[in-house]
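Thanks for taking a look at this one with me. Here are a few notes to help you find your way around.

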Amino acid sequence: MSVALISRRDRGRIIVWGFRMAPSRRRAVLIGVNQGGHDVHLPALRYAERDAQAIRGVLLDETIGTFDDGDVTMYIGADANWRGIKTKLRELALDSGPSDVLLVYFAGHALVPEWSNQLDAYLVTADLDPDGLRREPDNGLRMAFLKRDVFETFAGASFLILDCCQAGAYLDADLRHTEAMQTYRTQVDRHSALLACRSGSAARESEEYAHGVLTHHLLRALRGAAADDSGRVSFGQMATFVAEQGIEPPPVQLVQMWGPTTVLAQPPVSRHDRQSLSSPANPGTTRPCKSPLEDQSSSILQLLGRVFRSETRPTQPPQQTGYADRVEIMRYALGAESVAAVEFSGTAIRVVNATPRFDKEELRPLLELSSADAMKYRTGMPGHIVSNDEGRRILCVPLLHEDDKVLALTLVDPAPALLDMGEPLAVMLRAMCDANFLGDPLQAEMRVMTALRTAFGRLPLSLYEYAFSLYQKLVGSMFMVFQPVVELALRPTGVSIQSFEALARRGDHETRAPLGALQMAYAWGDRFIIERDALLLTKAIHSYAAADAATSYQGTKPLSVNVAVRSLLSDAYLAQVSKALIEADMNPRTLTLEISEQDAIEPGPGERWLQEPLVYFHRRLTTLARDLRITFAVDDFGVGYASLARMAELPLTQIKVDRAVLHHPLVMEELALVARVARHAADLGHAHTPRPVIVEGYDDAAPVSLRQIYDLGIHHVQGFFCGNTASTSLHDLDESVRERIASLVRGEK
């Protein structure tokens, strides 16, 4: 059964057929003040309060208005007090959703206190006390409050109109006149403004119009002078019309994102013909998502907050699998009617997971349009929008494809202000679908940020700094475990633990490093890499010192910690090494920094090295070893940038062979070559002993035996073969384990 849900006055609303709900709440706060403040010494205005009343009349007009009675709040005269206005605006901002619309209008005076060193205007309310602002600067309706605490917080599309008459000369007052729009030079996402610019001494009211000049033209625009061919007046059309009326000095308009299409007035239409106030252009067509991110930063942060931190976010049962734990949260975050993960295959459409109100049959025409483009552009377009002539939209984001099948996320009628984010939104949604929402929200959010970084490169500074702080928290949530490096011998008494390697973990039951989280740093560059390595090294040294103090070992075993090439080129990282060693009271000689073969030894972007890369890096390590009294090793040999020159020419105390070498068809030849390189300096008489070679990742499933490794002269192995898993504490080898290892070295088992 189809039931139409219609508000008492349906203007400004989408008619709801079946279960389709109104897409937004439209709120307005209108303020008009003729006589403002205590001892403000400003001339009284005649028409400011009348201006606010006239704007209210248009917004609520039964014929052309698009707002409902209960959603327009007006403050005029003595009732226009700053505390009540701020409370109301803040409530609206905090209670907003991504589909909502907020309009704020002010007619009156604006001022800046003489003591203020910033162009931060106050809108003069009936109770403003200029003398008290020096002690309590927030005791007024401040422009910074509107921008920061209202418009930046508001989740949907917001609009500001300021018709601030200039006061002229201030008689014997510690005040000076200003243009209220000066504080508005920094733009806010999803926000548009029309600001009256003032100069000279005359208040810009007109006896002829019986209104403020700006408001007079606003009213003309809203009553039809700025209407399009359909009779609608959007905020953008209204602002453009006013700007073209020859007002001197001209008003300032900042019309962005949803400003051009948010309708404030429209002609009467029949109930059955009414469409969305923001119906799409060219219905029935597909348009690519747009970019870039420069005007999207606060939208992105708000969306992340709704997905990962909102207290009203839906909770999902832990037993749900696939995308079921994601679609409802995405529906909530984007203010969508419904969301589904849908598989397209030829003409077949299969719903994999969906929110309760997703109706495949009702949406089939749109899904078929979406299917065609998802198949055609599955790798060339991160997302696309399909629409029909009824104003309905589906955002389609391809997730996976295999042969003739495409799995896509489909969002039905998401909030227009968020939908207009375009390509960044598609990139975020795809990353969200791949992330562990509930199990690991911190890493999931960082994964979304990294997807944006990978897709768009440079991000706005606010997003970059937010990502850096988020990554610090992610790395800070890790802890260190210690895996033993075992020295092989033919006799059990010779089998022992030679050293420990510090390994990062994020969960008590994890046996592998959180590689995804660790490798995110490379997408962000040196600052993230260095911060990651500094945080983990500090954790490793402090944790190891505590574990060593609690063990029964005689003497402290050496400790090795992984480090990136870029970190070793950073003086800040090296200062942290020294600091951590001093804080933990550890001998620097016990510390070995393992340089991964997966890192290139080469100048970074914009860098220039005067020597060949290996020569430059060799000198760097030699200096560090002398000054810090620590040692270095090569890690992961056999992968990435592994080379004999790198292994032979750098001043390394040991060489660690990656477990991937163990499964190579020529494993014995490769291990023999590494052993020869490790002995090279000793064979030439340049060193007393060969550099130790350590085989990493050895376990009982390895295709080579300990006997074969030992016979090559490689006497150190690291892995899970010895019965000692990585632990936060340090444990010696049991006698039975030493006997087993010795027998394997002898080839008896």
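The points below walk through one helix, one arginine and the cysteines.

1. Please keep in mind that this is a predicted model. Residue numbers count from 1 along each chain.

2. A good place to begin is helix α12, which covers residues 441-456. With 16 residues, α12 reaches 23 Å from its first C-alpha to its last, close to the 22 Å expected at 1.5 Å a residue. Just past its end, Gly457 takes a positive phi of about 75°.

3. Next, see how α12 sits among its neighbours. Its buried residues are Ala444, Glu445, Met446, Val448, Met449, Thr450, Ala451, Leu452, Arg453 and Phe456. The list includes the charged residues Glu445 and Arg453. Among the elements that cover these buried residues are α7 (297-308), α11 (423-434) and α13 (461-476), and the cover also includes α14 (515-524) and α15 (526-549).

4. Now turn to Arg505, in strand β21, which runs over residues 496-505. Is Arg505 buried or exposed? Arg505 is buried, with a relative accessible area of 5%. Beyond its neighbours within four places in sequence, Arg505 is in contact with Met478, Phe479 and Val481, and also with Glu510, Thr511, Arg512, Ala513 and Pro514.

5. Last, the cysteines. How many disulfides does the structure hold? The count is zero. Two cysteines to look up are Cys396, buried with a relative accessible area of 0%, and Cys433, also buried, at 4%.

Methods:
Predicted model: local features only at pLDDT ≥ 70, side-chain atom pairs only at ≥ 80, totals over all residues. Heavy atoms only, no water. Disulfide = S-S within 2.5 Å. Buried < 20%, exposed > 50% of the residue type's maximum accessible area, 1.4 Å probe, protein only. Helix = DSSP H or I, 4+ residues; strand = E, 2+ residues; numbered from the N terminus. Contact = heavy atoms within 4.5 Å. Expected span 1.5 Å × (residues − 1).
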